[in-house]
Amino acid sequence: MALNKIEVKKMTSKYCDSEHECVLIDEVPLDVIVHSLYPNHHLDGLIPTILDWIDEPREKAFVRSRYLSFKQREMLPILMCPDDCDLWCTLIIVEVVRFEGIIKWERMGIDQCTREDLINSFENIGTKVEWLEKVPSMTFQPEEYDSQIRKLIRE
């Protein structure tokens with residue numbers, strides 16, 4: 001089984017002139033990968049859900065809980081709109097599966113929660129997703145994955 005390389009490193013992105021953490025898969029920014037497969041969805045320039053960029057404490061706590069989850073299957077909000085840096089705009093979800101010593105991003109999609117869903121609970125994130133079928137699954141070595149993801153949750 002071929003493993004993908006995940007790296008979180010400081011870079012600029014399409015709509016952010018200042019450097020910030022970007023998620024790279026096999027040395028390509030994640031927003032660039034998704035945009036290349038879905039150019040009409042306007043997903044280029046999305047940024048990782050970087051905890052110290054999210055202002056609202058409940059949103060920050062929710063994203064942190066998903067990043068730190070060791071559930072066998074978790075819906076992780078991975079990319080967000082850089083304009084508001086919150087969970088209310090475009091939000092990319094990855095279905096993270098942990099099994100047999102690997103971590104796999106099984107599938108990726110755009111969260112479809114309504115305003116009412118989010119007012120009720122952020123736990124609704126990941127329950128209604130438009131799956132982006134062209135995005136391939138990605139498989140990671142757990143130690144590398146966890147050490148890189150931790151770079152997004154520094155506060």
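1. In this predicted model, E100 is exposed, with a relative accessible area of 75%. The residue lies in the loop that joins β6 (91–99) to β7 (102–111). Its backbone deserves attention: E100 is not a glycine, yet its phi is positive, at about 45°. Most residues other than glycine have a negative phi.

2. H42 also calls for inspection, since this non-glycine residue has a positive phi of about 55°. H42 is placed in the loop between α1 (30–37) and β4 (47–48). With a relative accessibility of 63%, H42 counts as exposed, because the threshold for that class is over 50%.

3. E133 belongs to the loop between β8 (129–131) and β9 (138–140). The relative accessible area of E133 is 66%, and the residue is therefore exposed. Between the C-alpha atoms of E133 and R150 the separation is 27 Å, the two residues being 17 apart along the chain.

4. Turning to the interior, the largest nonpolar core comprises 49 residues. Those with the most contacts inside this core are I25, L30, I78, I92, W105, M108 and Y145.

5. Which residues does W105 touch, leaving aside those up to four places away in sequence? The contacts of W105 are I6, V23, I25, L30, I78, V94, E95, V96, S137, M138, F140 and Y145. Among these partners, I25, L30, I78 and Y145 are also listed with W105 as residues with the most contacts inside the largest nonpolar core.

Definitions and conventions:
Residues numbered from 1 in each chain as written. Predicted model: local features only at pLDDT ≥ 70, side-chain atom pairs only at ≥ 80, totals over all residues. Heavy atoms only, no water. Helix = DSSP H or I, 4+ residues; strand = E, 2+ residues; numbered from the N terminus. Buried < 20%, exposed > 50% of the residue type's maximum accessible area, 1.4 Å probe, protein only. Core = buried A, V, L, I, M, F, W, Y, C linked by side-chain atoms within 4.5 Å. Contact = heavy atoms within 4.5 Å.
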